[in-house]
Amino acid sequence: MDIECRDVSFRYDVPGGDWALRNIDLKISQGEKLAVVGPAGSGKTTLIQLLDSLILPTTGDILYDGRSVKTLAKAKNLHGIRRRIGVLFQFPEHQFFQEMAYDELVFTMRNFLKPDEETIEIRACELMDGFNMDIDVLKTTSPFSLSSGEKRKLALASALMISPEVLILDEPTAGMDTSGRNELMRIISTLHDTTVILITHNLDDFLDHLDRVIGLSEGRIVCDVHRDAMIEHISDMENAGIVPPLVLRVQHWLRKEGIRFEKPVYSMDTLIVCLKALQEKKKEMPAR
Ligand SMILES: Nc1ncnc2c1ncn2[C@@H]1O[C@H](COP(=O)(O)OP(=O)(O)OP(=O)(O)O)[C@@H](O)[C@H]1O
Ligand SMILES: [Mg+2]
């Protein structure tokens, strides 16, 4: 599903509330992997709530495959869009309400698609195998007694149960240790055709898996760049209060020192390999 925001602004309906988002123009094509970054309060969560049509633009419009969210809302037809989008919220435990973790896992599929229980269980087993979580344990465990990393995994698995076309993740690695983060990266890297929109304060974690980065500051888009062009926008990002990934900051600094690679690299491990190769090359060069 292609999504387009056309001049979208949003203001919460509270006394004295300021604009949370202003004049957002954004096109997201099916299958794109993008990160939304920005300081606290810059409007990231508001943006994904709009993209998931949980809230409607105060002004402007959002088009899903060309269909206006306002028209769909008037026709009470938003569920058709929402069942194609999976969301992992910033605090997934706030959304839990089932007694057992298994029922939480299958809730969306049970209610949106209404298949028989056997089909649900087959899908749940298939998915949880990849998540290293035991279905039988989930059937006898409260979702609230899981660790914060496990809660996040459960919420992500629940969103993936219905194979959404678009997956939205709000701070998915918060509260996760390194192995949890690696597992999440592995899961994301298998979602080839799914659009992935993720909010993060730590771009370094995801850089290897992204096509594009959108920077927000005070409710406005201050950068919308392809990953390969990001190194040219380091100063713009810093000026907007966004911390660029360390691996790109190092390469930005190296460029100033006259060291430039053919293409930017996106992991520290690769950067170290490139620097070692450069050092070897220098050693081989005849001294002048
Ligand atoms: N339910 C709400 N009612 C009123 N104002 C809100 C509400 N939620 C957010 N805001 C305001 O809207 C603006 C954007 O908030 P939002 O939660 O989208 O930011 P964020 O970038 O996700 O921040 P964080 O990094 O802290 O999660 C902020 O000024 C915030 O105070
Ligand atoms: Mg937020």
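## Strands and helices: worked exercises

C5 stands opposite I62 in strand 4. Keep in mind that this is a predicted model, where local features need pLDDT of at least 70, side-chain atom pairs count only at pLDDT 80 or more, and totals for chains, interfaces and linings use all residues. Residues are numbered from 1 along each chain as its sequence is written, while chains are lettered from A and ligands numbered from 1 in the order in which they are written.

**Exercise 1.** Work out in which order the four strands of the open sheet lie.

*Solution.* Start with strand 1 (residues 3-11), which pairs with strand 4 (residues 59-64) in the antiparallel sense over five bridges. Strands are DSSP runs of E, at least two residues, and helices runs of H or I, at least four, numbered from the N terminus; two strands pair if DSSP finds at least two bridges between them. Next, put in the neighbours: the order is 2-1-4-5, with antiparallel pairing. Strand 2 (19-28) and strand 5 (67-68) are the edges, each pairing on one side only.

**Exercise 2.** Describe how helix 4 packs on helix 5.

*Solution.* First, the geometry: helix 4 (residues 101-112) and helix 5 (residues 117-130) meet at an angle of about 130°, with axes 10 Å apart. Axes are lines fitted to C-alpha atoms over the stretch in contact, and angles run from 0 to 180 degrees between N-to-C directions. Then, who touches whom? Helix 4 brings L105, V106, M109 and R110, and helix 5 brings I120, R123 and A124; contact means C-beta atoms, placed from the backbone, within 7 Å.

Key. Contact = placed C-beta atoms within 7 Å.
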